[in-house]
Amino acid sequence: MQKDRRRRGRQHRQQRDLDITRLRMSLPSVVQKRGVEFQVQQSTGANAEEGKSWICPVCSIDIEPGVVHTVAWDLHRGVNTRRHFHNHCFKIFDGELF
Ligand SMILES: [Zn+2]
């Protein structure tokens, strides 16, 4: 009885660790803004080409390589609408730029 309970407890903890790992990896998710669905990914910028930077469409300031930021595109119009945002800029982005 006690053994069983302990084993179940450990499994529960492993499950939670997995969830945290998934959060850290920031798997793609869908965010809706003004009825437009955006596919959203977190980018570390780590695999950016050398010297490559992006201009955030919200604040028009460069996102330097290596800076964690948000990549989002219109789920229905496709990946060619993809933009790179500062994380806080995507939060305030109201979905009108695409
Ligand atoms: Zn920005």
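In what order do the elements of the protein chain run from the N terminus on? The order is α-β-β-β-β-β-β-α, and the secondary structure comes to two helices and six strands, where helices (H or I, at least four residues) and strands (E, at least two) are DSSP runs numbered from the N terminus.

The model is a predicted one, in which local features need pLDDT of at least 70 and side-chain atom pairs count only at pLDDT 80 or more, while totals for chains, interfaces and linings use all residues. Residues are numbered from 1 along each chain as its sequence is written.

**Confidence**

The protein chain averages a pLDDT of 80, and 64% of the residues score at least 70; pLDDT is the predictor's confidence in each residue, from 0 to 100. Among the elements, helix α1 (residues 2-25) has the lowest mean pLDDT, 58, whereas helix α2 (residues 87-92) has the highest, 95. Where pLDDT is low, the predicted coordinates should not be read in detail.

**The sheet**

An open sheet of four strands has the order β1-β2-β5-β6, with antiparallel pairing. Strands β1 and β6 stand at the edges with a single partner strand each, so one side of each is left without a neighbour in the sheet. From one strand to the next, the twist averages 35 degrees, an angle between axes that are lines fitted to C-alpha atoms (for helices over the stretch in contact), taken from 0 to 180 degrees between N-to-C directions. Two strands count as paired if DSSP finds at least two bridges between them, and the table lists the pairings with an example of opposed residues for each.

| Strand pair | Sense | Bridges | Example of opposed residues |
|---|---|---|---|
| β1 (residues 29-33) and β2 (residues 36-43) | antiparallel | five bridges | Ser 29 and Val 40 |
| β2 (residues 36-43) and β5 (residues 69-74) | antiparallel | six bridges | Ser 43 and His 69 |
| β5 (residues 69-74) and β6 (residues 83-85) | antiparallel | three bridges | Val 71 and His 84 |

Of the five residues of strand β1, the number buried is zero, so β1 lies largely in the open; here a residue is buried if 20 or more other C-beta atoms lie within 10 Å of its own, exposed if 12 or fewer, and partly exposed in between, with C-beta atoms placed from the backbone. Val 31 has Phe 38 in β2 as its bridge partner, and Phe 38 is in turn one of the residues of the largest nonpolar core.

**Core and contacts**

Buried residues make up 14% of the 98 residues in the protein chain. The largest nonpolar core has nine residues, namely Phe 38, Trp 54, Cys 56, Ile 63, Val 71, Ala 72, Phe 85, Phe 90 and Phe 93, a nonpolar core being a set of buried Ala, Val, Leu, Ile, Met, Phe, Trp, Tyr and Cys residues joined through C-beta atoms within 7 Å. In soluble globular proteins, nonpolar side chains tend to be buried together.

Two residues are in contact if their C-beta atoms, placed from the backbone, lie within 7 Å. Of the contacts in the protein chain with a separation of 6 or more, 46% are between residues 24 or more positions apart. Leaving aside residues up to four places away in sequence, Phe 85 touches Cys 56, Pro 57, Val 58, His 69, Thr 70, Ala 72, Phe 90 and Phe 93.

Is His 69, placed in strand β5, buried or exposed? His 69 is buried, because 22 other C-beta atoms lie within 10 Å. Not counting residues up to four places away in sequence, His 69 touches Ser 43, Gly 45, Ile 63, His 84, Phe 85, His 86 and Asn 87. The C-alpha atoms of His 69 and Cys 89, which are 20 residues apart along the chain, are separated by 9.4 Å.

**Positive phi in two loops**

Most residues other than glycine have a negative phi, and most peptide bonds are trans. Arg 34, in the loop between β1 and β2, has a positive phi near 50 degrees, and the hairpin formed by these strands has two residues between them. Arg 34 counts as exposed, because it has 8 C-beta neighbours inside 10 Å. Ser 60, in the loop between β3 (54-55) and β4 (62-63), has a positive phi of about 60 degrees although it is not a glycine, and with 8 other C-beta atoms within 10 Å Ser 60 is exposed.
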